[in-house]
Amino acid sequence: MNIVLATLNAKYIHTNLALRCLKASVQPEFNPIISEYTIKDPSFNIVSDIYLKKPQVVGFSCYIWNIEETIKVVRLLKKVSPETIIVLGGPEVSYDSNYWLRRIEEIDYIVMGEGEISFKQLLLHLDGNLPLKDVLGICYMQEDKFVLHPQGPKIDLREMPSPYRFEEDIPHLSKRITYIETSRGCPFSCQFCLSSIEVGVRYFNREKVKEDIRYLMDHDAKIIKFVDRTFNISRSYAMEMFQFLIDEHRPGVVFQFEITADIMRPEVIQFLNDNAPAGLFRFEIGVQSTNDLTNELVKRKQNFAKLTRTVTMVKEGGKIAQHLDLIAGLPEEDYTSFKQTFNDVFAMGPEELQLGFLKLLRGTGLRVQAEEYGYVYVDQAPYEIFANNVLSFDDMLRIKQAEDVLEKYWNDHRLDYTVGYLVSETFETPFDFFQDFGTYWELKGWSRIGHQLEDLFKRLEEFLIQDGRANMNIVRSLMKFDYLAHHQFQPRKPYWEKEMEKDAQSAIYRKIIENPSIAGESFAQLQLHEREVYKQTLLVPFSLDLKELTQEHVVAKDGYLLTFFKPGQAPQFSFIAKEQVS
């Protein structure tokens, strides 16, 4: 039987672990073809590609980010190939299955929840080897009636075959994210999350997992992301895996984990700070809210003091990048409360701070309680809210404006020194900076047009000038430093207006060539010839003490910033005090 397992990923770099688990579980009786697309691919092209494979069965893996595009593909595919059996599975269709089957008559079956056993049983039935009544965990329509088969027992994950060793994946391992799971389930009951529905945590065989990771590294996987809902729920297990990954890591490989920070013991963090190579690990931490009432209402247990301790210790260790998540729109978190949450979390200085917006997912407790909290939301994936009883649509739009600027100016790390100064020294709170700038950004219509790197600097400068609070002499120097730090080659035309006359610049260059040590010993050691000085350096007026700046202290000092560019390397900065060349 010819079977295609398909999905529409959010981006090409993503891969779908669920399809690989299904393929591994149905072998050797069946050998499906995995076909991955993206939500940006035209539906006609996807249908054409699947059609040419002549499948008898097509299974689609469905999520909030791809369900609407998947529906278009399903309907077109059924038109051109009406005899093809179409099966849907995944978190988006596992709940309210009756709704999906009645909405999309082209669906033949839905596999609900954990699908490895159910999907194999369904294929055995379609192949004539198992009565339909014996297939567990599926639903379908029969004579306009919804038919639901009971779920089977939970799978013994220790006996599961590996989904990571398909030969066709090998050429792509270095170019895409590899997702791996070592457990299923979550011990927590957060009412906005589907993971709260499954009680308990089950683990895969540890030694098999380690062998799979070795295999992936042997075949040049670069980013390996664990999809475990709480990787560190078992301290002994997490420590064993951390030790294994430290012992056997390969250069260039990064492991990402979703951890619960407030249950992480200080000795575990200290172990990682002492032993983990820099850049090997990356942590994703869901904070969501620091409002105690809000956390209580969504049944989220969180000790913010301990969470802060963990994030701070990890940051001070300097080995592990951290990505922290917030959710705007949770119960009883109004605009003022969310602003406090944002500032509480931003104060920890995460490398990335993702500001998300509540989505009322099918199957979650909050969707059931939507009326109680006055939620107004889109009844189509991804089910994002417009407002609730304490947060107006105006409030939501304002927060979205702040989120837009947060992504561009903090998470993309284009202006770390500049933004760091503005949020600490110029604006009352970090949120005020992102909100005020975000509102100005929207007012100017910049959200509707593209931008280059130079535009980010010009637009920030324009905002700050009209805002009037910033010391522009300091800010302009910080912006130059941030701008030049992102160049390997001397920029042909920097974003700022010309500040030095050619004669004045040439006079300083002559002094540098005659006595390189005025630019510091590290510059003198480069031993550049005159031509190299002119071709590979840029001299600009600068109003800050460079040594203090690299220690993250902003201290005024008049002089010049000399930047040396060498392809393939970060630029080298030197400071020349004004009195040295006067």
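Which side chains meet in a salt bridge with an N to O distance of 2.7 Å, and is Arg20 one of them? Let us start there: Glu36 pairs with Arg20, at 2.7 Å from N to O. Glu36 belongs to strand E2 and Arg20 to helix H1, so this contact ties together parts that lie 16 residues apart in sequence. Both partners, Glu36 and Arg20, are buried. Please keep in mind as we go on that the model is predicted.

Now step back for the overall picture. The protein chain contains 22 helices and 20 strands, and its C-alpha trace spans about 95 × 55 × 50 Å along the principal axes. Of its 582 residues, 52% are buried.

Staying with the early part of the chain, look at the loop between helix H1 (17-26) and strand E2 (33-38), where Glu29 is found. With a relative accessible area of 45%, Glu29 is partly exposed. Its C-alpha is 9.5 Å from that of Met1, and 28 residues separate Glu29 and Met1 in sequence. Pro28 sits in this loop between H1 and E2 as well, and the peptide bond that joins Gln27 to Pro28 is cis, with omega about 5°. That is worth a pause, because most peptide bonds are trans.

Salt bridges deserve a wider look. The whole structure holds 44 of them. In one, the side chains of Arg362 and Asp96 come together at 2.7 Å, N to O. Arg362 is in the loop between strand E15 (352-357) and helix H12 (365-368), while Asp96 is in the loop between strand E4 (85-89) and helix H4 (97-103), so the contact ties together parts 266 residues apart in sequence. Arg362 has 4% relative accessibility and therefore counts as buried, whereas Asp96, at 39%, counts as partly exposed. Elsewhere, Arg158 bridges to Asp156, with 3.0 Å between the closest N and O atoms. Asp156 is partly exposed, its relative accessible area being 33%. Shared partners also link salt bridges into one network made of Glu114, Glu116, Glu181, Arg184 and Arg202.

Next come the aromatic rings, which form 45 pairs in the structure. Phe226 and Phe255 have ring centres 6.3 Å apart and planes at 45°, so their pair is tilted. Phe226 is in strand E11 (residues 223-226) and Phe255 in strand E12 (residues 254-259), so the two rings tie together parts that are 29 residues apart in sequence. Phe226 and Phe255 are both buried. Trp441 and Trp446 make an edge-to-face pair, with 5.3 Å from centre to centre and 80° between the planes. These two tryptophans, Trp441 and Trp446, are buried too.

Trp441 leads us to helix H15, since it is one of the buried residues of that helix. H15 (residues 430-443) has 14 residues and reaches 20 Å from its first C-alpha to its last, close to the 20 Å expected at 1.5 Å a residue. How much of H15 is buried? The count is 10 of its 14 residues, so the helix is largely enclosed by the rest of the structure. Among those buried residues are Phe431, Phe433, Phe434, Phe437 and Tyr440.

Rings also meet charges here. The charged end of Lys23 sits over the ring of Phe166, 4.9 Å from its centre. Lys400 places its charged end over the ring of Phe357, at 4.0 Å from the ring centre.

Our last stop takes in strand E16 and the loop after it. Val376 lies in E16 (residues 376-377) and is partly exposed, with a relative accessible area of 43%. Together with Val378, Phe386, Phe393 and Leu397, Val376 forms a nonpolar surface patch of about 390 Å² accessible area. In the loop between E16 and strand E17 (385-387) we find Pro382, and the peptide bond from Ala381 to Pro382 is cis, with omega near 10°. Tyr383 is in the loop between E16 and E17 too, and its phi is near 60°, a positive value in a residue other than glycine. Tyr383 counts as buried, at 1% relative accessibility. Gln527 likewise has a positive phi, about 50°, but Gln527 counts as exposed, at 65% relative accessibility. Gln527 is located in the loop between helix H19 (521-524) and helix H20 (530-536).

Conventions:
Residues are numbered from 1 along each chain as its sequence is written. This is a predicted model: local features need pLDDT of at least 70, side-chain atom pairs count only at pLDDT 80 or more; totals for chains, interfaces and linings use all residues. Side-chain values use heavy atoms; hydrogens and water are left out. Patches are made of residues with over 30% relative accessible area and no salt bridge: like charges are joined within 9 Å, nonpolar side chains (Val, Leu, Ile, Met, Phe, Trp, Tyr) within 5 Å. Accessible areas come from the Shrake-Rupley method with a 1.4 Å probe; for residues, only the protein chains shown count as cover. A salt bridge is a side-chain nitrogen of Lys or Arg within 4 Å of a carboxyl oxygen of Asp or Glu. Helices (H or I, at least four residues) and strands (E, at least two) are DSSP runs, numbered from the N terminus. Buried means under 20% relative accessible area, exposed over 50%, partly exposed in between (1.4 Å probe, protein chains only). Rings of Phe, Tyr and Trp (its six-membered ring) pair if their centres lie within 6.5 Å; planes under 30 degrees apart count as stacked, over 60 as edge-to-face and the rest as tilted. A charge sits over a ring if NZ of Lys or CZ of Arg is within 6 Å of the ring centre and within 35 degrees of the ring normal. The expected span of a helix is 1.5 Å times one less than its number of residues.
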